[in-house]
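Me: I'd like to learn how to read the sheets in a protein model. Could you walk me through this one?

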Amino acid sequence: MTTAKLSNNVGKPITDSLGNTATPFQYGAGHIQPSKAADPGLVYDASYTDYLLFLCSSSSNLLDPSFTCPQVLPSPSNFNYPSLAISNLRSVLTVRRSVTNVGMGNSTYSVTINPPPGYSVRISPATLYFGAAGEKQNFSITVRAGRAARRNVFAFGWYSWSDGIHLVRSPISVSKA
């Protein structure tokens, strides 16, 4: 696995219970900072139906027997969630995300991308403009496997949106088929 060497709160590499260097699957997106969580700037909304569709496309819907899964299932990678996970990428995949401004009106967010090693990542648009709190904006994320991408091995990266006050960071994990 390709991982960045992140440090814990005493400057040591983050490790798993066996003392090995931890992967993003083990430590997640990072620690929550309550003061910043109270004013996140942007949020990724997902409805109850969105969760059921995700369950239909990733395993089966065992949560709500009254919900019938559609015949054509959406990709689990399209679930409107901050993190992006793609397994067995053949060449290129584009997914969509939607964010809601819960901060100040008239804000502008720009994206920064740290692609997983061996992959290219493009986000469009690269700037989101909000005129009011509660406004939603959509963007697409295109991930392309490069020649250096290793088969059946997850690589990790991230993208983040910032308006100069808020920083909304989202992990990316991808493996090549």
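**Reading the sheets**

Reply: Sure! Keep in mind that this is a predicted model. UniProt, in an unreviewed entry, places the feature "domain: Subtilisin-like protease fibronectin type-III" at residues 78-174.

Me: How much helix and how much strand is there over residues 78-174?

Reply: That stretch is 0% helix and 62% strand, and its end C-alpha atoms lie 14 Å apart.

Me: What holds the strands of a sheet together?

Reply: In general, strands pair through backbone hydrogen bonds, and they do so either parallel or antiparallel. Here, one open sheet has five strands in the order S2-S9-S8-S4-S6, and its pairing is mixed. At its edges you'll find strand S2 (84-89) and strand S6 (127-130), which each pair on one side only. On average, neighbouring strands of this sheet are turned by 20 degrees against each other, direction ignored.

Me: Can we zoom in? In which sense do S8 and S9 pair, and over how many bridges?

Reply: Strand S8 (residues 155-162) and strand S9 (residues 167-176) run antiparallel, with eight bridges between them. To trace one, start at Ala155 and look for Val174, its bridge partner in S9.

Me: What about the sheet that contains S1: what is its strand order?

Reply: That open sheet goes S1-S3-S7-S5, four strands with antiparallel pairing. Strand S1 (42-43) and strand S5 (119-124) have a single partner strand each, so one side of each is left without a neighbour in the sheet.

Me: And which residue in S7 stands opposite Val99?

Reply: Gln137 does. Strand S3 (residues 92-101) and strand S7 (residues 136-145) pair in the antiparallel sense, over nine bridges.

How values were computed: Residues are numbered from 1 along each chain as its sequence is written. This is a predicted model: local features need pLDDT of at least 70, side-chain atom pairs count only at pLDDT 80 or more; totals for chains, interfaces and linings use all residues. Side-chain values use heavy atoms; hydrogens and water are left out. Two strands pair if DSSP finds at least two bridges between them. Helices (H or I, at least four residues) and strands (E, at least two) are DSSP runs, numbered from the N terminus. Axes are lines fitted to C-alpha atoms, for helices over the stretch in contact, and angles run from 0 to 180 degrees between N-to-C directions. UniProt positions are given in the numbering used here, feature names are shortened, and annotations may be inferred rather than shown by experiment.
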